[in-house]
Amino acid sequence: MSATPSLRLIAANLLTAALYGLLAHACLTLATLGPHISPVWLPAGLGLAALVIAGPRLLPGLWLGQAAITLSAGAPWYVAGLIGVCGAAAAWCGAWLTHRFLPEGFSGSPRAPFRFLAIAYGCSALAGLSGPLVLQLAGQIPPGALDSAIIVWWLGDALGVVVLAPALLAWREAAAAEHFVEGRGLDTLAVAAVALLLALVTFVGGRFFLPSAHLQAALLLPLMMWLTVRSHPAVPLSVNVVAVTALVYGATGSLGPLLGDSLLDRSYALHGFVILASVTLLVLAAHVHRTRQIAAAAQAGEERFRRLTTLSSDWYWEQDAELRFTAFEGPVFGNPATEPPLLLGKRRWELPGVTPYGTTWEAHRADLAARRTFVGLILRHALADGGATYYTVSGEPVFDRRGAFAGYRGVGKDVTAEIESREALAASERRFHEVADATFEGLLIHDYGRVVFVNQALAEQLARREDDIVGCSILDFIPAEEHSRLLGEMTQDQEFKHFETVALRAGGSRFPVEVFGKPFVFQGKPMRIVAVRDIAERRAAEKALAAQAAFLRILLDTIPSPVFYKNRDGRYLGYNQSFADTFGIGLQDYIGKTVFDIAPPELAAQYKAADDKLFANPATQIYEAQIATAQGRRDVMFHKAVFTDAAGNSSGLIGIILDITERKRSEDRLRRFQELSPAAFAMLDTNGKLMYLNPAAVELFGYSRAEAPTLDAWWRLVYPDPDYRETQRSAWFAALERTLQEGRSTLRFKSRMRCRDGRVKTVATLTSVGEDEVFVVFTDLSEYLDGAPE
């Protein structure tokens, strides 16, 4: 009995190793970028999923599978063992991170797919770094190929984890799911079959009879997204595995929708397409999972909602999509004798004796048409004896599981006593509300200068108690020198606004105020209501703004380059002194004008097009153009950006003009020197790409830059003999290495080079190595030397 668990564990590990080997063989068979190199390594996804499901007890099986496939590729046994350890460690790390950061699975939250993606690339980086290093140390990888091996290994493992691991984990979750397919099993199977067929036709059939299959490729993602919405994530993720497998097969062949100049280019395109599709499915699956959780919680809480409504209201009601009542619970309109059957089938405005209070049916119907929740709708119910009762009704829209509008539901409550109290209170406070409606900040009412009412805001402004102000004269709170001006305004029996004066606080300190006044009837007598606004902060802000404006003016005029700013319509709002000096104008001459008013038509059209492009895509804009000045046209570079208003909307742009006329002239002189120089020379970048070949070099050898775009291509032309070419290449690189080791940057070299016309010339080269480029000067020694090159 005790041996049974051990035998099961051994069998599980052997099965894991076998599955690992089969998947590895399939990946290498379907698509390779070289010997034993596949752009997608599905065994990595198998390993992570196996450890997530079964735990670290399957680590021996993963190690055995990795070691076996490495051993079959011709690696020594100790290298295969180390590679197996690296692969198993990466899978264990990914499984631990999955348990740690994704306890609810890859679709448990909106951020789960992105965490899973980070885990996939992180654990794959461990395998991608360690595996190639082991192979290089064992002499299996040339030193120059280590970087590309790390990248291909890393991306292949990451792609395998992203594609296969979610599908395997989703099938494990599906085994316990109550609803595997949302009521449309046949539709789901049909769409899955179509998606698989499209994948095969697009990426496999394309290798044989379809020269291009972009349309089918574009249809794959929407179909799999449909499957994600309608079924458990296991279905679309499984279809995605098959689609990716077919995609790998097609993308690494000579045809298919993901073409490229090389197999490596197609593998990069493959990686981008697969990551986009897989991440889209994972994000959508997480969203659908969250939506279903919310729907389940809503369904579970509906019963709680019904119980709570009976405690917080008098009755509960429901309406269908046509806004007709379908159900009532409780005494409708507060009367247990009211028969709900007489009200069922009617809309709210069709109920007998019911009218809205404080609103209109049109406003209520507008809320219903917009599917808005309404709260506290008050209805007046006329009684047969001439009286009335009032009720407040609240409701919210209801949508079915597909998001279609299904009606309204809500509660009602008798608020007759509250409404009657409210109306009584409104009648008693109406005069107070009229005063409150007329206030701005501080407020007082005076009877021929004697204060009869003051509000709290004004009392705080004056630093006094309200009781200390009422009964006093208004002049008690104004400096003596302002009395005549204030009395002149007060004696006029009419409204006055924006009268600025000075007020006195209790301690004698002064502060500026703005006063508004108008006649007013209070307590049955004609009086005057006065609103007082403290404008001390506004005055300070105005002074600060004036000082800031002066500072900005000085700052702009200090900048030596022309600076300007325009509004959204392209009209100049201002510019600095350097701008005015450049164009020979005054500081106000261009204000309010557009570029079409001040520049030649062709330049104005160019400026306007650049401005429109900047407003359409707000960012920093830099471009070269010309400006027309009093001294003639100048070459300049514009640097422009959009500025926004307080709401964040684009309201204009600001620009700086840099004069590059002299720089362009220098560049032109340098270009002419290169073209006219009798010395033959070339310029390469540090990657061996031929960037420039001057006319003297073309004349010397007869080859153009198009014929020799790289250093290797150049050597094939001038050294047609393979043995001689390799000899010269090795000697040149050896000499270059010695030169750099000695701290020098120039190298002299001599060889015999074949020209286009068949002549072989003895040529001395002087090579200068810079940080980003290499300059080579050629000197023809054929007229001076007859012997073989050194």
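Biologist: How much space lies in the largest cavity?
Modeller: The model is predicted, and a search of the whole structure finds 6 cavities of 30 Å³ or more. Of these, the largest holds about 190 Å³ of space.

Biologist: Which residues are the closest to the centre of the largest cavity?
Modeller: The largest cavity is lined by 15 residues. Closest to its centre are Leu444, Ile474, Ile478, Val515 and Val532.

Biologist: Which element gives the most to the lining of the largest cavity?
Modeller: Several elements supply at least two residues each, among them α15 (456-462), α17 (483-490), β10 (510-522) and β11 (525-534). One strand, with 3 residues, gives the most. That strand is β9.

Biologist: How many residues of this lining are nonpolar?
Modeller: No charged residue takes part in the lining of the largest cavity. One class has 1 residue, the polar class. The nonpolar residues number 14.

Biologist: How many bridges join β9 to β10?
Modeller: β9 and β10 run antiparallel. Within the pair, Thr501 stands opposite Val513 in β10. The bridges that join β9 to β10 number 7.

Biologist: Which residue takes a positive phi in the hairpin of β9 and β10?
Modeller: This hairpin has 5 residues between the strands. The positive phi is near 95°. The residue is Gly508.

Biologist: Which residues lie nearest the centre of the second largest cavity?
Modeller: About 140 Å³ of space lies in the second largest cavity. Its lining counts 18 residues. Nearest the centre lie Tyr572, Phe583, Val595, Tyr607 and Phe638.

Biologist: How many charged residues are in the lining of the second largest cavity?
Modeller: Elements that give two or more residues to this lining include α19 (577-583), α21 (601-616) and β15 (632-644). By class, the lining has 15 nonpolar and no polar residues. The charged residues number 3.

Biologist: What kind of aromatic pair do Tyr572 and Tyr590 form?
Modeller: The whole structure has 30 aromatic pairs. In this one, the rings are 6.1 Å centre to centre, with 45° between the planes. Planes under 30 degrees apart would count as stacked, and over 60 as edge-to-face. The pair of Tyr572 and Tyr590 is therefore neither, and counts as tilted.

Biologist: How many residues apart are Tyr572 and Tyr590?
Modeller: Tyr572 sits in strand β13 (residues 572-575). Tyr590 sits in the loop between α19 and α20. The pair links distant parts of the chain, and the two are 18 residues apart.

Biologist: Which strands stand at the edges of the open sheet of 5 strands, and why does each have a side without a neighbour?
Modeller: The order is β18-β17-β21-β20-β19, with antiparallel pairing. Each edge strand has a single partner strand, so one side of each is left without a neighbour in the sheet. The edge strands are β18 (690-693) and β19 (746-754).

Biologist: Which residue stands opposite Asp685?
Modeller: Strand β17 (residues 680-685) runs antiparallel to strand β21 (residues 773-780), and 6 bridges join them. Asp685 faces a residue in β21. That residue is Glu773.

Biologist: At about what angle to β19 does helix α25 run?
Modeller: Helix α24 (residues 711-718) lies across β17, β18, β19 and β21, at about 45° to β19. Helix α25 (residues 722-741) lies across β19 and β20 (760-769). Its angle to β19 is about 170°.

Biologist: Which strands stand at the edges of the open sheet of 6 strands?
Modeller: This sheet has the order β2-β1-β6-β5-β4-β3, with antiparallel pairing. Its edge strands have a single partner each, so one side of each lacks a neighbour in the sheet. They are β2 (325-329) and β3 (354-356).

Biologist: Which residue in β6 stands opposite Val398?
Modeller: Strand β5 (residues 388-399) pairs with strand β6 (residues 405-414) over 9 bridges, in the antiparallel sense. Opposite Val398, in β6, stands Gly407.

Biologist: At about what angle to β4 does helix α12 run?
Modeller: Helix α12 (residues 361-369) lies across β3, β4 (374-382) and β6. Its angle to β4 is about 145°.

Notes. Residues numbered from 1 in each chain as written. Predicted model: local features only at pLDDT ≥ 70, side-chain atom pairs only at ≥ 80, totals over all residues. Heavy atoms only, no water. Pairing = 2+ DSSP bridges. Helix = DSSP H or I, 4+ residues; strand = E, 2+ residues; numbered from the N terminus. Contact = heavy atoms within 4.5 Å. Axes fitted to C-alpha atoms, helices over the stretch in contact; angles between N-to-C directions. 1 Å grid on protein atoms, 1.4 Å probe; cavity = no way out; pocket = protein on both sides within 12 Å on 5 of 7 lines; lining within 4 Å. Points joined across faces, edges and corners; volume = space filled by probe spheres on them. Nonpolar A, V, L, I, M, F, W, Y, C, P; charged D, E, K, R; others polar. Phe/Tyr/Trp six-rings, centres within 6.5 Å; stacked < 30°, edge-to-face > 60°.
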